[in-house]
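This report was prepared for a reader at the bench who wishes to follow the fold of a protein from its sequence and coordinates. Please consult both as the text proceeds.

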Amino acid sequence: MKNFTFLNCKTFLLSALLFFTTLLSVAQTSEVIVTVNWPAWSGENYLRVYDPSGTTLLNLCNPASCYTGTNTSYNTSVNMGCLTDANNYSIRMYDRYGDQWNGTGANVTITSGGNVVLSTNHGGGASSTANFDVYGGGSACVSGPSRNRYIR
């Protein structure tokens, strides 16, 4: 049987410290869901979601009339999967005619880890931007992100 020496103990402690430090440095992720409600003129509307570095994660419009200007209603929820917890994700909301998203209750809602992190509408002009943070998922989030999705 091998003797347990100071050197063996030191090696064991350093290995354990490295293991736990690695576990703590793994980025947390949270499930992100984007919900749009466009009760009228959905063919005028378009939405993009960006990560903090500016990479497009989601393009969203009414698949039956994507940015054509037609008067139809459209609502959907898109599960983007688990995104890395961080500040300064953003959405850019577009309106083909610059006259705001039409219809009572026209909006976009984003949830992160089950928490509403953004609920807004496009108030007018060709486009507008809003920021949101991703957080709250903890260890429950295990699926990977759905990168650069185009919903049309």
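The following paragraphs treat the overall make-up, the strand pairings and one residue.

**Overall make-up**

The structure is a predicted model. The protein contains 1 helix and 9 strands, and their order along the sequence is α-β-β-β-β-β-β-β-β-β. Of the 152 residues in the protein, 36% are buried. The protein exposes about 8500 Å², of which carbon and sulfur atoms supply 55%. Where contacts link residues at least 6 apart in sequence, 72% of them join residues at least 24 apart.

**Strand pairings**

Three antiparallel pairings are listed below.

| Strand | Partner strand | Bridges |
|---|---|---|
| strand 2 (residues 45-50) | strand 5 (residues 86-95) | 6 bridges |
| strand 5 | strand 8 (residues 127-134) | 7 bridges |
| strand 1 (residues 29-38) | strand 6 (residues 107-112) | 6 bridges |

Strand 5 thus appears in two of these rows, paired with strand 2 and with strand 8. Individual residues mark these pairings in the sequence. Asn45 has Asp95 of strand 5 as its bridge partner, while Ala86 is bridged to Val134 of strand 8. For the pairing of strand 1 with strand 6, Val36 has Val108 as its bridge partner in strand 6.

Strand 1 and strand 6 also belong to an open sheet of 4 strands, in which the order is 4-1-6-7 and the pairing is antiparallel. Strand 4 (74-84) and strand 7 (115-120) form the edges of this sheet; each has a single partner strand, and therefore one side of each lacks a neighbour in the sheet. On average, neighbouring strands of this sheet are turned by 15° against each other, direction ignored. As a general point, side chains in a regular strand alternate between the two faces of the sheet.

**A residue of strand 2**

Tyr50 lies in strand 2. Is Tyr50 buried or exposed? Its relative accessibility is 15%; because the cut-off for a buried residue is under 20%, Tyr50 counts as buried.

Which residues does Tyr50 touch, if those up to four places away in sequence are not counted? Tyr50 is in contact with Thr55, Thr56 and Leu57, and also with Tyr89, Ser90, Arg92 and Tyr94. Asn88 offers a further point of reference: Tyr50 and Asn88 are separated by 38 residues in sequence, and their C-alpha atoms are 9.0 Å apart in space.

Terms used: Residues are numbered from 1 along each chain as its sequence is written. This is a predicted model: local features need pLDDT of at least 70, side-chain atom pairs count only at pLDDT 80 or more; totals for chains, interfaces and linings use all residues. Side-chain values use heavy atoms; hydrogens and water are left out. Helices (H or I, at least four residues) and strands (E, at least two) are DSSP runs, numbered from the N terminus. Buried means under 20% relative accessible area, exposed over 50%, partly exposed in between (1.4 Å probe, protein chains only). Contact means heavy atoms within 4.5 Å. Accessible areas come from the Shrake-Rupley method with a 1.4 Å probe; for residues, only the protein chains shown count as cover. Two strands pair if DSSP finds at least two bridges between them. Axes are lines fitted to C-alpha atoms, for helices over the stretch in contact, and angles run from 0 to 180 degrees between N-to-C directions.
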